[in-house]
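Please load the model in your viewer, switch on a cartoon with side chains available on demand, and keep the selection panel at hand. The tour below proceeds by selections, each followed by what is to be found there.

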Amino acid sequence: KDGIMDIRKLIGDVESGKYFGRESEGATNTRAWRVHWDYQLFKALEYQYRLGLESCHETLPQIKAKLVFKNKKLLFEPSYEELRADYYKGLKKFISFPSSFTGVGESDIFKTISDRNADGLIVVFSQAEKLFKKLQDTLDKYSPWVALGTIDINDCVELNLKEVDDWDANFRVLKTRRRDVDKLPSEEKVDCITVDTQLVKSAAEDLLKQFSDALVASLRKSAQTEIDELEEFVKESLEALSSMPQTVEEIAQSTARWKDVSDQMIEKKDSKFKMEEKNRLLKQLQIGQMLNLSGLSKIWDELELRLSAHEKTVEEQKDRLKGMIEKRIKDFSTECVKFAGRWKGSKPDASGLKDRETAAQMLEEVKGWDKEFQELRNTNETIKKECKHFDIPDPSFPELDGLVDDISKTVNSWGLYEKFAAEMAELAAEDWMAIRERLYVIEDCLVKWGEALKGLDIDVVVRFLHSEIERLKKNVPYLKFVKGDAFTQEHWNQLFRMLNMPKGIAKKDLTLQHFLDASNLVVEKMEAIKDLQARATAELTIQEAFDELTKWKQDAVFNVIEQTDFQGRPITLIREWKEVQTQVGDHQSVLQAMRDSPYFGRFSEIAETWDVTLSTLGFALNDLNAVQRKWLYLEPIFGRGALPHEQGRFKSVDDEFKNIMAQVRMDSRVVALADISGLNNKLPVLIDQLDRCQKALSDFLEEKRSRFPRFYFIGDDDLLEILGQSQNPAVIQSHLKKLFQAIFAVNFSEDMKEIVAFRSLEGEVVNLMHNVEITDTVEVWLAELAKAMVMTLEQSLVDCLQTMDLNEFPSMILCSAEQICFCKDAEKAIQKRGMKDFEASLRTKLAQFTSYTQEPGVLQLKLKAIILDLIHDIDVVNQLNENRVSDLQAWFWQKQLRYYNENGKCVVRMCDAQNRYTYEYQGNDPKLVHTPLTDKCYLTLTQGLHLGYGGNPYGPAGTGKTESVKALGQALASPV
């Protein structure tokens, strides 16, 4: 860098003239000189750059790091990631050096050095990865030295070291590892990274010191534990062998203890040897004081001496006990004679067994006899064992042996009763409220015991069990009448008096035992209990019904909605009338049914109150429903100001109705309706006034319909809307399609005061000959619209017969004109016998129409209608040719539907019938395909009309009956 600065300074001096001592005469041609030096520097720098890329992992500035052991982990400081970042930072600085080097002449050629040596970057990054692999290897190299720090040393030592050899081996390894730690280097050089290992060496030494302390502590603890166990064993053994045996059992026990201690001594000697070895190891290590074994040795020697003297002591005691046994045999024989006498004179018999209480007493007596007898038998066995032990002949006790079968049989019988009594007591202890629905478990238990007694010998106990089971089997079924499901406290008290229950007993304290004890009384007073049950059930049913009514009173509310009247004022209305009315009717029926109950008397007062409430509600709901329904119908009408002479009447009804509904909104409970003062008097008056308003409205509408009969096609609501908004274009457009068969909408003049045309759903527009003025009298201008429609279509037909223009005339006029022309030409052809030429001309015309290509729209619909009629016309001509028709009166021509123009009017003939073409606009509805059946329908219907009758096609569904009638109406331009 200093050399470059010197060159730059020298060239600068030459340029400025300082080098020559003449500042005013400096050189100006130094550029080549600068370029020369830059190229020389480029070659030198590129060579050094290439060498540097190969060895930069060694030549980069040294990076310092420490290897430390923290939180049970071996880590670098700074961290591994930080070391990598520092290394790559220096590497980046070296690689990017040519980009910032400008040489002598501030040249850019040095920036290309990096790109020219890009392949060297592969080596750079490969060496970098190798460097960090070495760094990781260094970490792995020192990890074993701190492995002890990753575990709990004390727990590990406690878990794995058991024998003396384990401690000895670990002490030897510990000594070796301490020498090896001292040999570890203080730092590790990894290329340009220097790792200080002094801290990890210190950590390893500390861990080895901890491990050494843990080994010593665990060895001392293990040895001390064994000393304590041995001392405890010796003390317990000395205590067990210290007592002098007084009986044969004690002699046997003493011998067994002696043998057990002798056996354990073998195992304990091995433990004592291991403990001594551990103590010697502590002594060899010269760590602290040795354990004190003098106390253990003393008592150990005493135990060995006691064991060796035990046999002699036992033999001396046996001789003394032998004389005691002979006296005991004599005393026991006397005791057996006395027991046999008492048993024969006092054993239980049938005379004292009367009921469950006496049976329980006798059971306790038998248990006492059995206990005493078993004690005698145990004493007998003990005496025999002692005699056998001392080689004395077995003694005989005939009185005791003679009682074995008798007492065993008696005990077994009473044991059977005890099981029965315990099982029944377990059931009887259950709460009555819990078991009253499971009385079958008692019956099942009795059946089970009945089966168990079959085949047993009949004795006092079995006979008593049979009688008890039969009694309970008879009485238990009656307990279902005292379940008390419907009982109140009054009923329970009456039942307690009937069954003589303990005074003060509460329902919650009842158990099954109470009713088993009183089961005889239950059977005896069954009729009175049944009557009590029936009364309780009936009263409960009635009370539940009234509770349900009370709940309904609180919960039942009207399903209301918030709406606005015609003036925009809010009003509450009721929905779902039927459900509420049904509920009131159901409650009235229930109330009437309850009156028929013989136990209704105590509820008469509350029933009377509910009767009045429900009756009031029944009438009020029916009348209010009628009022609301009529009000909803009339309010929009009168709100628009219709029938001014009735406005006063409706206003009074409206105010009263809104007042009632306001009260409903304040309290929407159904029952609250009955509390409205004078409601049942007001509602009939409201209904009467609304009926008068509705009659006046009906008369008004009938008058309008009589003036314009097409109003019969629509309902009252639509008619009222038309009458009320006769000059509103939107209203007119929405109702025209209901008054005229095919007029979907009309076109207005620019000032929206006149109708200038009408149009079909498909968009066909027919301009009126004379505009129709829209006035307040809607029935007048609608009648004018109907007349204008007829006049326009009639004139259009006349004009179309002169010049047929598909774009100018509506579809129905085009088809009618085509049919008039067809009939005229067909009759000429019949008269001149030129049907074949006529058919050819029709086919030519068909080909002409079918050759037109039109986008979907009104014109295409017109063409389809004309083509369909032409196809039918050709079929008619074929029929005439086949039947060689040459007379206009021929049947095959007369039966066709024929169109004629007479004095500018279109008429339609079929056989003898002639019908007027009424010019009702038909729009662009698709035509029906003609079939022989269609012609028959047309013929029948036209003849009926001609004779003043009607017609009704008859046949299966889906065969075209309705469509045929509609098609005939379309052909006659009549509304259907």
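Helices and strands here are DSSP runs, of at least four residues for helices (H or I) and at least two for strands (E), numbered from the N terminus. With that numbering in place, E576 can be located in the loop between β6 and α22. The model is a predicted one, and its secondary structure comes to 34 helices and twelve strands. Of the 976 residues in the protein, 41% are buried, and among contacts between residues at least 6 apart in sequence, 69% join residues at least 24 apart.

**Stop one: E576 and the helix that follows**

Select E576, which is not a glycine and yet has a positive phi of about 55°. For background, most residues other than glycine have a negative phi. E576 is partly exposed, with a relative accessible area of 43%.

Next, select residues 577-595, which form helix α22. At 1.5 Å a residue, the 19 residues of α22 should span 27 Å, and the 28 Å between its end C-alpha atoms agrees with that expectation. Which residues of α22 are buried? They are W577, V580, V584, H587, L591 and M594. Because these residues cover an arc of only 130° around the axis, they sit on the same side of α22. The spacing can be read against a general rule: an α-helix has 3.6 residues a turn, so residues three or four places apart point the same way. To see what the buried residues of α22 pack against, add α21 (526-555), β6 and α23 to the selection.

**Stop two: Q628 in α23**

Keep α23 on screen and pick out Q628, which lies in that helix. Q628 is buried, with a relative accessible area of 5%. Once its neighbours within four places in sequence are set aside, Q628 is in contact with L573, I574, W577, F657 and M661. W577 has already appeared among the buried residues of α22, while F657 and M661 are among the buried residues of α24, the helix to select next.

**Stop three: helix α24**

Select residues 647-666, the 20 residues of α24, whose expected span at 1.5 Å a residue is 28 Å; the end C-alpha atoms are 28 Å apart, in agreement. Colour F650, V653, D654, F657, K658, I660, M661 and V664, the buried residues of α24. Viewed down the axis of α24, these fall within an arc of 165°, so they line one face of the helix. On the other side of α24, G648 and M666 are exposed. The elements covering the buried residues of α24 include β5 (559-564), β6 (570-575), α23 (604-639) and α25 (679-707).

**Stop four: the pair α16 and α17**

Now select residues 440-453 and 460-475, helices α16 and α17, which pack at an angle of about 150° with their axes 10 Å apart. That angle makes α16 roughly antiparallel to α17, since angles over 145 degrees are counted in that way. The crossing of the two helices α16 and α17 is left-handed. Show side chains to follow the interface, where L446, V447, W449, G450 and L453 in α16 meet L465, H466, I469, L472 and K473 in α17.

**Stop five: a cis peptide bond**

Where does P78 lie? Go to the loop between β2 (73-77) and α3 (80-95), which holds P78, and inspect the peptide bond from E77 to P78, which is cis, with omega near -5°. For comparison, most peptide bonds are trans.

**Stop six: S811, T934 and A973**

Select S811, in helix α29 (residues 811-832), which counts as buried at 6% relative accessibility. Apart from neighbours within four places in sequence, S811 is in contact with E764, K862, A865, G923 and N924.

Continue to T934 in helix α33 (residues 932-946), which is buried, with a relative accessible area of 5%. With neighbours within four places in sequence left aside, T934 is in contact with L928 and V929. A distance monitor between the C-alpha atoms of T934 and G960, which are 26 residues apart along the chain, should read 8.9 Å.

Finally, select A973, in the segment after α34 (961-972). Phi of A973 is near 55°, a positive value in a residue other than glycine, and at 0% relative accessibility A973 counts as buried.

How values were computed
Residues are numbered from 1 along each chain as its sequence is written. This is a predicted model: local features need pLDDT of at least 70, side-chain atom pairs count only at pLDDT 80 or more; totals for chains, interfaces and linings use all residues. Side-chain values use heavy atoms; hydrogens and water are left out. The expected span of a helix is 1.5 Å times one less than its number of residues. Buried means under 20% relative accessible area, exposed over 50%, partly exposed in between (1.4 Å probe, protein chains only). The arc is that of the directions from the helix axis to the C-beta atoms. Contact means heavy atoms within 4.5 Å. Axes are lines fitted to C-alpha atoms, for helices over the stretch in contact, and angles run from 0 to 180 degrees between N-to-C directions. Angles under 35 degrees count as roughly parallel, over 145 as roughly antiparallel, 65 to 115 as roughly perpendicular and the rest as oblique. A crossing is left-handed if the near helix is turned anticlockwise from the far one by less than a right angle, and right-handed if clockwise.
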